[in-house]
Amino acid sequence: MITFENVSKQYERGANPALRNVDINIDRGEFVFLVGASGSGKSTLLSLITAEIRPTAGRVFVLGKDVSGISPRRVHLLRRQIGTVFQDFRLLPDKNVFDNVALAMQVLGRSRHAIRKEIPQVLKMVGLNGKEKRKMYELSGGEKQRVAIARAMVNRPDLLLADEPTGNLDLDTALGIMRLLDWINRQGTTVVMATHDAAIVNQYRQRVIEIVDGRVVRDQKQGKYGGRF
Ligand code: ADP
Ligand code: MG
């Protein structure tokens, strides 16, 4: 599903590379924690998967296609198959829950009929049944992240990328979001989640890829946040 072949990324000439010689392979259906300190290169790695940025060297394959030098038109097609969630939610503050989720369908030209049919289903899935009309400022942090996950999933992507999705949430709320991401993964969606939330990583014991200074230093099945044990 995702392959990095000797990928390096340097944002500016002379700057330290954000990623160095990264080789990873993520299969369909996997759940992967991407861990590492702030500035280690986690978001850079996720941005290479969505082709938001291009590698300086090496090749990135996503869903069977080389996206290293992808054209803008094809980026659009790629993104349809990838849902993304961020720490800061990135929702439209003046819009209600329904409209925030509907937007993701409207940009793909989905019909009003499809939108009215799909949104109640996806809101039920994320636990926001009956909250269609709530504005963003009426929601808690955990509820906002559920809206963001609904928006990411409403077009049924094969791959969900989550960049520190629990970073703004207290532990109980974070665990609720984690349960939801885990459930989504069990339904068949591949999930890659960048995090430095040790409690969550240690509780779920999924595959862990650890980055230090742009290098993959650990790729472990059922790993903990730090160390081997
Ligand atoms: P993380 O997500 O693990 O905190 P990032 O991938 O955001 O790490 O950053 C890795 C390195 O790349 C950092 O040194 C950061 O300052 C640098 N960096 C990230 N984005 C940019 C950018 N758009 N332009 C220049 N440098 C960047
Ligand atoms: Mg980041």
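Is N6 buried, exposed or partly exposed? I looked that up before anything else, and N6 counts as partly exposed at 39% relative accessibility. My cut-offs are under 20% relative accessible area for buried, over 50% for exposed and partly exposed in between, with a 1.4 Å probe and protein chains only.

**Ground rules.** I am working with a predicted model, where local features need pLDDT of at least 70, side-chain atom pairs count only at pLDDT 80 or more, and totals for chains, interfaces and linings use all residues. Residues are numbered from 1 along each chain as its sequence is written, chains are lettered from A and ligands numbered from 1 in the order in which they are written, and side-chain values use heavy atoms, with hydrogens and water left out.

**N6 and Q222, phi.** I placed N6 in strand β1; for strands I take DSSP runs (E, at least two residues), for helices H or I runs of at least four, both numbered from the N terminus. N6 has a positive phi of about 50 degrees, though it is not a glycine. I noted this because most residues other than glycine have a negative phi. Q222 also turned up, with a positive phi of about 50 degrees and again no glycine. Q222 sits in the segment after β10 (215-220) and is exposed, at 57% relative accessible area.

**The sheet around β1.** I traced an open sheet of four strands, in the order β2-β1-β4-β5, with antiparallel pairing. Two strands pair, in my notes, if DSSP finds at least two bridges between them. Which strands stand at the edges? They are β2 (19-26) and β5, and each has a single partner strand, so one side of each is left without a neighbour in the sheet.

Next I went through the partners of β1. Strand β1 (residues 2-9) pairs with β4 (residues 57-62) in the antiparallel sense, over five bridges. Within that pairing I found S8 opposite A57 and F4 opposite V60. With β2, strand β1 is likewise antiparallel over five bridges, and T3 stands opposite N25 there.

**S68.** V60 led me on to S68, which lies in the loop between β5 (65-66) and α2 (72-80). S68 is buried, with a relative accessible area of 14%. What does the side chain of S68 reach? It makes a polar contact with the side chain of D66 at 2.6 Å. By polar contact I mean a pair of N or O atoms within 3.5 Å; within protein, one must be able to donate a hydrogen and the other to accept it, and residues adjacent in sequence count only if both atoms are side-chain atoms. A polar atom of the S68 side chain also lies 2.8 Å from the backbone nitrogen of V60. Leaving out residues up to four places away in sequence, S68 touches R54, P55, G58, R59 and V60 (heavy atoms within 4.5 Å).

**Ligand 1.** I listed the residues around ligand 1, with a heavy atom within 4 Å of it: Y11, E12, A18, A37, S38, G39, S40, G41, K42, S43 and T44. Then I checked ligand oxygens. One is 2.5 Å from a side-chain N or O atom of T44. For the side chain of S43 I get 2.8 Å, and for a backbone N or O atom of G41, 3.0 Å. The protein covers 57% of the 560 Å² of accessible area that ligand 1 has on its own (Shrake-Rupley, 1.4 Å probe).
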